[in-house]
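Hi everyone, thanks for making time this morning. I'd like to walk you through one model and how its helices and core fit together.

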Amino acid sequence: MRTLWLSLLLSATLAALSGQSLAGETRAAQILDRFEHANQWRDHVMIAAHRAGSMQAGKTLYAENSLAAVEASIAMGAEIVEVDVRRSKEGEFVIMHDSWLDRTTTCKGEVDTFTLAELKKCRLVIEGTGVVTNEPVSTLREMLLATKDRILINLDNKLQVIDLPGMIAVARDLGMADQVIVKENLWNRQRIDAAKAALAQAGAGFQFMPILADDAVHDAAFAGEVDKAFAPRAIELINWRNGAEMLTTSGGPLFSTHMRATAIRGDWHLWADTYAIVNKPGGFLAGGRGDELAVVASLPREAWGFWVDRGATIIQTDEPRAAIEWLTANGYRVPYADEARPAEPARTASIN
C-alpha cells in the first residue's frame, strides 16, 4: 500500500512539474514546437498574418508592417507574423514592403534614398482609409523586439539572398534567432546553391523556409531536392492562378497527393497563401480561393477549408481573425497551454 501511495505521489509530482514547465514556456516556444514537428500537429492549422495581418477588413484597421498590426495579430492568436525587410540609405534594415514609400507612408520616394533619421519622420498610413497613424517606419530590430517570445516572425527578404545572414545576425544579437523564419524563392539548382552558400554564413539556430511557385516548379520532385538541401520545417507553396478564372479544383500542380506525401516524409508543413496581391484581387495567389471568397463572399469552406483539405497546415492570410475563428469553430485548431479548451466542435461540410 505504501509503495502504491508513493508511486501515485511521484506520478502527481511529475505531472505537476511537467505542467508547470509547459505553462512556463513562452508563447513563441510553444508555437516553435508545433512549427518544428509538423507530423505531430497535422490536426492543427497555424495562421501567419500577412504583413502582420494589417490588411484585414478592407485594409481599414491597421497600417501594414506596423507594430500596431503586430500587437493585434498576437492578441487574436496568430502564430506567425510576416513582415518585409529593406534597407535605408546607410544600410539599416527597415520594415517596408514596397521599394518606394508613397503607398504606405506620408513620404514619397525610394526607401533606400532615405536615411534612417529621415524614415523616422515618415508616418505609416492605413491604406484603406488614408488615415495617418502616429507610427513611424520600424527598424528590423524594433520589430523583432516587439515579437520576442510572443510569436514567430517571418522575414520576407526584399533584398538579395546575401542579405539574409545580416538579418539573422540582428535576431541572434537579441537572443531570438530561433524565433525567426527567413525565406527565399527557389526554382532551380543554381538558386538552391546560392541560398545554401548565403545561409552557411549565418550559422545555425534559425528557420529557413523555401518558397516554391507553380509558374516555375511543377511537381513535388523539386520539393524533394529542396528538402535534402535544407531540411526545412515548412515550404511555402504558391498557386499562381488568375482570380477571374474558374475556381481551381485541384490547387494547382504543387498541392498534389505526391506533395503531401513528400511533406509527410520530410516532416514539414505545407504553407498556403490566401491573401490577394495589390492590384490583382480575387485571390490571385489561391486560384480564386482566397480571403475575398472567404470573407466578402462568406464562403470560408470554399477558401480556407479547400487548402486545409489539400494538406495545408499553415495559412498566410490578410484576415487572421476571421480565419482563426472559422478554423476553431470547425475543429482545425488545437488550443495552446495558455488557452482555454473549447467544447469539441462538430466538423461540418457547411460552406457558411
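I'll start with a pair of helices, then turn to a buried helix and the nonpolar cores. Please keep in mind that this is a predicted model.

So, how do helix 8 and helix 9 cross? Helix 8 covers residues 189-200 and helix 9 covers residues 220-230; their axes come within 11 Å, at a crossing angle of roughly 20 degrees. Since angles under 35 degrees count as roughly parallel, helix 8 is roughly parallel to helix 9. The crossing is right-handed. On the helix 8 side, the contact uses R189, I192, A195, K196 and L199, and helix 9 answers with F222, E225, V226, A229 and F230. By type, that contact has 7 nonpolar residues, 3 charged and no polar.

Next, helix 7, residues 164-173. Its buried residues are L164, P165, M167, I168, V170 and A171. Their cover includes helix 8 again, along with helix 6 (140-147) and strands 2, 3, 6 and 7. Just after helix 7, have a look at G175, which has a positive phi of about 70 degrees.

Now the cores. Which residues touch the most other members of the largest nonpolar core? They are L140, L144, L155, V182, L186, L212 and F230, in a core of 71 residues. Helix 9 contributes the most here, with 6 residues. Beyond its close sequence neighbours, within four places, L140 contacts V85, F93, V94, I95, L155, M167 and V170. Another core, of 14 residues, lies apart from that one; L32, F35, W271 and I314 are among its members.

Thanks, and I'm happy to take questions.

Notes:
Residues are numbered from 1 along each chain as its sequence is written. This is a predicted model: local features need pLDDT of at least 70, side-chain atom pairs count only at pLDDT 80 or more; totals for chains, interfaces and linings use all residues. Side-chain values use heavy atoms; hydrogens and water are left out. Axes are lines fitted to C-alpha atoms, for helices over the stretch in contact, and angles run from 0 to 180 degrees between N-to-C directions. Helices (H or I, at least four residues) and strands (E, at least two) are DSSP runs, numbered from the N terminus. Angles under 35 degrees count as roughly parallel, over 145 as roughly antiparallel, 65 to 115 as roughly perpendicular and the rest as oblique. A crossing is left-handed if the near helix is turned anticlockwise from the far one by less than a right angle, and right-handed if clockwise. Contact means heavy atoms within 4.5 Å. Ala, Val, Leu, Ile, Met, Phe, Trp, Tyr, Cys and Pro count as nonpolar, Asp, Glu, Lys and Arg as charged, and the others, Gly among them, as polar. Buried means under 20% relative accessible area, exposed over 50%, partly exposed in between (1.4 Å probe, protein chains only). A nonpolar core is a set of buried Ala, Val, Leu, Ile, Met, Phe, Trp, Tyr and Cys residues joined through side-chain atoms within 4.5 Å.
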